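Dear colleague,

I am passing on the structure we spoke about, with some notes on its sheet and its core. Please read them beside the coordinates and tell me where you would put things otherwise.

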Amino acid sequence: KDVTIISTYHTDIDQIYSAKTSINENIYLRSVKKQNQLKTNTIIILSIGILFMILWIFSYAFNFDKSIYKILDFIKVLEIGGRPEKLQVKSNDELQDISGRLNNYLDLKESKILFLKTIGKGEEISTMMPDKSDILGSELNVMAERLNKIQLEEKERQDEENKRSWKTDGIAQFGEILRSERENVQELSFKIIQKLVTYLKIEMGTLFLTADAKDEEEESSLESMASYAYDRRKFLKLNFKFGEGLPGTCALEKEKIYINEIPEDYSDVISGVGQIKPRFVLLAPLKIEEEIFGIVELASFRELQTFELEFVDELAESIASTLAGVKTNEKTAALLKQSQKQAEQLMHQEDEMKINMQKLQQAQEESRKNESEITGILNAMNESSLVAEFDMNGRFSKINDKFLYLLESPREQILGKNHHEFAMVDKYSDAYKLFWETLRKGETVSTQEQFKLYSGQEVWLQQTYTPIYNDQKNIYKILNIAVDITQSKLQQENLEKQAAEITRKSLEMEGLNEAVNSSIIKCEIDNEGIILDLNNNYATASGYNRKELLGRNYRLFLKDIEKEQFEKIWTEVLKDKTYEGAIRRTKPTGEEIWLMSTFSAVKDESGFIYKVYFLALDITEKRLKYQLLEEANREADRLREELKKYV
């Protein structure tokens, strides 16, 4: 039984051993197979890897060369100053870094080019922000700063130049205005204020002139002459005493006033137009030295600049001078008319001479049309006028006997001598040079010249110089036809002296008239008894105002008894007899006054009485004193008579 078990056991072991051997063989075979398979796979993988590596090397080499050529082309364009396209290199190596840096360099170059274009166009220049190592960028910034400084200086210079030009043009335009009107002060005032408002481009303005004081006690005042607001002429009548309101304050202080706070009742110019009130006001005195002739008042919504204020200051004295002159011209116009009337008769001879000279000139003009006529006229002139001929250098080439007789010299001492050796002229002056240049151009010149004779005597000649042409239409000599006007000149000088004397006497009469007006009761009456003029003293004495008296008959203001006395006086006065004596007059209030009066007739040039001067002094107070004294004397006489009865 045990043997069987052991046999069975050995059999199982043999089977197990056989199975193990079979398994080991299978394992070995499989291992060999796997190793062979692994070798085959390894060889395949290595072959594929080597192939891919070769392909990658060829691709990298190709892309590298392509990128290098792109970079070289990029650099070549940069070298010639061109603008290449940006590099597109994607290699994830140093070439991509190089291309990126080159693209950054291109961007920096573009920004600098744009910066330079901005400078070239003259636009506002802004600075760059270069790296510290960017030398070109730093230098461009330095250049930009310098250009900005130059542009700023140029702008300031241009602004100053524009301001100077603006002021110069304005002064020139105002000069034309000031010269354009020399007679009507009101019209000139309007032209001035209108031009000021429009040239300064402001809203409104008023020009005041100093009103003449009627007496020494009356305060100086300003009267508006012209106003202009919102492109319209304003007809306003404003008056300010010195020290009253802004215009009066400016006149009193004699200094410019510039304010930006407007009082509510500032001016009718503002309140009368229905517009918004301005914020700024300028008042400039029109003065010469320290004398005030007026005030310019300007109002604006905007603040006036310094150069505009200076412009008004520069104009003020010129305006003052012109307005003062025009105002004086208006005052003296009447006196000048009177003096001219008296001088007309004395100027009659000179007028006749001018007519003769005009006829002579007309004859000369006609003489140019026909040479034969010229010869005839010259022959006639030789007999009646002073005739001489000059060569183109101004030397006497021919002279007639009449001229020689006037110059008191023989012909040989005259011919060949230069014109300026006899005429009292400055041969080096521009006027004398222009005189001969005008003749050489073929223009006729008429002039009055003073000649000095060898004897020392001086004569005045009215001369006409006419260029004479030859057959070739060239000027070869100058014909001079002259008239001795020495006597006329002397008469003219006498006339001027007489006119000056008349003006002086007129001024004296004006002063005397002012003195009379301030101290005496005065009235002017025509030959019908109509009151023509009166002073304030007469209005005060009569008890009526000026408007009630002017143009009405003197008799209307007299009581019956006063009228009887007046008619007796008037009858004698119209017989050219002066009346002097005391008269009584009654005021509308019933108050009686006594006047020591003078009625004096005034005649015209034909001896006709056309008006009567009434001059008087108020003696009412003295009359009352005399009346009381007479009554006291009568009472004393009565008492003495009574006393005698008891003695």
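**Pairing in the sheet**

Val445 has Tyr465, in strand E11, as its bridge partner. Before going further, please keep in mind that this is a predicted model.

In the register of E11, Ser446 stands opposite Thr464, and the pairing of E10 with E11 (residues 458–469) is antiparallel and extends over eight bridges. The hairpin that these two strands make has five residues between them, and within this hairpin Gly456 adopts a positive phi near 95°. E11 is also joined to E12 by nine bridges, again in an antiparallel arrangement, with Gln462 placed opposite Val483 of E12. E11 and E12 likewise form a hairpin with five residues between the strands, where Lys473, in the turn, has a positive phi of about 65°.

These pairings belong to an open sheet of five strands, whose order is E9-E8-E12-E11-E10 and whose pairing is antiparallel. Strand E9 (396–399) and strand E10 (445–452) are the edge strands, each of them pairing on one side only. On average, and with direction ignored, neighbouring strands of this sheet are turned by 30° against each other.

How enclosed is E11 by the rest of the structure? Nine of its twelve residues are buried, that is, under 20% relative accessible area, and E11 is therefore largely enclosed by the rest of the structure. Helix H12 (residues 430–440) lies across E10 and E11, as well as strand E8 (386–390) and strand E12 (475–484), and runs at about 135° to E10.

**The largest nonpolar core**

Turning to the core, the largest nonpolar one has 33 residues, of which Ile192, Leu196, Leu298 and Leu323 touch the most other members. At least two residues of this core come from each of the following: helix H3 (135–180), helix H4 (185–200), strand E1 (204–211), strand E2 (221–229), strand E6 (280–288), strand E7 (291–300) and helix H7 (306–346). If you would like one residue to begin with, Leu196 is in contact with Phe174, Val296, Leu298, Phe311 and Leu315, once its neighbours within four places in sequence are left aside.

With best wishes

Technical notes. Residues numbered from 1 in each chain as written. Predicted model: local features only at pLDDT ≥ 70, side-chain atom pairs only at ≥ 80, totals over all residues. Heavy atoms only, no water. Core = buried A, V, L, I, M, F, W, Y, C linked by side-chain atoms within 4.5 Å. Buried < 20%, exposed > 50% of the residue type's maximum accessible area, 1.4 Å probe, protein only. Helix = DSSP H or I, 4+ residues; strand = E, 2+ residues; numbered from the N terminus. Contact = heavy atoms within 4.5 Å. Pairing = 2+ DSSP bridges. Axes fitted to C-alpha atoms, helices over the stretch in contact; angles between N-to-C directions.
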